[in-house]
Amino acid sequence: MPAQLQAYLEQTLGRFESITGDVESLWAAGKRGLQMETAGKILAGRAFQELKNSLLPGQFSAELASRMIARRSAYDAIEVYELFAALPDIGVVQALAQLGITKAMAIKAWDKKDQQALASGKAVRGITLDAAVEMSTREFDEKIRDPELVKADKKIATLEAAKEGLQAELKDLKGQLRHRYDSINMPEFAAHARQEGVALAEQITLSLTALEDLVTDRLIDNKEAKQFPDWKNRAAGTVFHSALSAQARMQALLERMREEFGDAVTGKLDFEFTLSKGEAEIAKDALGVIQKRHADLAHNREADRKNQKGGRGRPMDKRAVS
């Protein structure tokens, strides 16, 4: 440790144990110094530097983690030590130590002559040491910043504000476009095809989900089905070939549409092909009607199955299909 720094630490901290001892003493000094002000941070930085230089690559970071010491805090302390260790005499060390850690680190990149000039009481970049000590960290940072960087920051802020304004304008224009799209006087055949088509396609998706649940619950995971493998296979075959037939019809319909309308329609999904908000509400209502119709049919099939089983009382009446 440089003699001027050793002298400053002894003046500030009083008598302290040498940090050139065993490894545990170094760790203790580093951890203790982090809890203190400028002199303590310098002491911690010296201890951590000694440890880092004595350990293999990667060991220092691992030791920091195992001892619950923040890696950033340790490396910051090393930078503080290096800053003050490079100062020429105890007078400059004492003067710049008054700034505190954050403000002192802000002038680390300064030319050595500027650092010494500030320490001697001269004005550097329009600021003296006494004024710097009284300033907040933010005020000090703004005062000593490179004028070109200040200009760049202001320009960036202006551009960011302009960007936000343009984004808001774009959002408003998109909203106007959607509003106009909703208000288009669409021919009846197109409106009906779009709304009913989407509703029916959604119903196919819901039916597929119901079909998946049926196969899983009634044929794959059903305990009774496992007791009657022959009937299980017959039922599975019925469902499979019915679904295969539906798939073939769907595939044929899609191929027919590809041939009829070409890639301009079937190859991509543009904004103009999606439902507007108003159309989506109509399609939702249409889907509800379709679902009710299918639910009624399913109810009648269930009633028929129960009637076929026979039993006491009159057969169940079929519910009217809407």
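Trp27, Phe48, Phe60 and Tyr75 are joined by ring pairs into an aromatic cluster, in a predicted model whose protein chain holds 16 helices and zero strands. Four aromatic pairs are present in the structure, and the one formed by Phe60 and Tyr75 is edge-to-face, with 5.7 Å centre to centre and 75° between the planes. The mean pLDDT of the protein chain is 80, with 86% of the residues at 70 or more, although the pLDDT is below 50 over residues 311-322.

**The aromatic cluster**

- The pair of Phe60 and Tyr75 links distant parts of the chain, since Phe60 belongs to helix α4 and Tyr75 to helix α5, with their positions 15 residues apart in the count along the sequence.
- Phe60 counts as buried because its relative accessibility is 4%, which lies under the 20% cut-off for that class.
- One member of the cluster, Phe48, is also among the residues that Ile78 contacts, and the surroundings of Ile78 are taken up next.

**Packing between α3 and α5**

- Gln49 is found in helix α3, which covers residues 38-54, while Ile78 lies in helix α5, and these two residues are in contact with each other.
- Once neighbours within four places in sequence are left aside, Gln49 is in contact with Ile78, Tyr81 and Glu82, whereas Ile78 is in contact with Gly45, Phe48, Gln49 and Lys52 under the same exclusion.
- Both residues count as buried, Gln49 because its relative accessibility is 18% and Ile78 because its relative accessibility is 7%.
- Ile78 and Leu43 are 35 residues apart in sequence, and their C-alpha atoms are 9.1 Å apart in space.

**The nonpolar surface patch**

- A nonpolar patch of about 730 Å² on the surface is made by Ile204, Leu208, Met250, Leu253, Leu254, Met257, Phe261, Val265 and Phe273.
- Helices α12 (188-220) and α14 (229-261) each supply at least two residues of this patch, and α14 gives the most to the patch, with five residues.
- Met257, one of the patch residues, has its place in helix α14 and is partly exposed, because its relative accessible area of 36% falls between the 20% and 50% limits.

**Val198 and its contacts**

- Val198 lies in helix α12, a helix that also supplies at least two residues of the nonpolar patch.
- With residues up to four places away in sequence not counted, Val198 touches Ala193, Leu275 and Ala283.
- The C-alpha atoms of Val198 and Ala283 are separated by 6.6 Å, although the two residues are 85 residues apart along the chain.
- Val198 is partly exposed, because its relative accessible area is 39%.

**Loop residues with positive phi**

- Met68, a residue other than glycine, has a positive phi near 60°; its place is in the loop between α4 (59-66) and α5 (71-85).
- Met68 counts as exposed because its relative accessibility is 72%, which is over the 50% cut-off.
- Arg125, which is not a glycine either, has a positive phi of about 55° and is found in the loop between α8 (112-119) and α9 (129-134).
- Arg125 is partly exposed, because its relative accessible area is 45%.

**Chain totals and confidence**

- Buried residues make up 23% of the 322 residues in the protein chain, and the accessible surface of the chain comes to about 22600 Å², of which 55% belongs to carbon and sulfur atoms.
- Among contacts in the protein chain with a separation of 6 or more, residues 24 or more positions apart account for 59%.
- The mean pLDDT of the protein chain is 80, yet the stretch of residues 311-322, where the pLDDT is below 50, has 16 contacts in the model beyond near neighbours in sequence.
- Where pLDDT is low, the predicted coordinates should not be read in detail.

Note on methods
Residues numbered from 1 in each chain as written. Predicted model: local features only at pLDDT ≥ 70, side-chain atom pairs only at ≥ 80, totals over all residues. Heavy atoms only, no water. Helix = DSSP H or I, 4+ residues; strand = E, 2+ residues; numbered from the N terminus. Buried < 20%, exposed > 50% of the residue type's maximum accessible area, 1.4 Å probe, protein only. Contact = heavy atoms within 4.5 Å. Areas by Shrake-Rupley, 256 points an atom, 1.4 Å probe, with all protein chains shown as cover. pLDDT = per-residue confidence, 0-100. Patch = residues over 30% accessible without salt bridge, like charges linked within 9 Å, V, L, I, M, F, W, Y side chains within 5 Å. Salt bridge = Lys/Arg side-chain N within 4 Å of Asp/Glu carboxyl O. Phe/Tyr/Trp six-rings, centres within 6.5 Å; stacked < 30°, edge-to-face > 60°.
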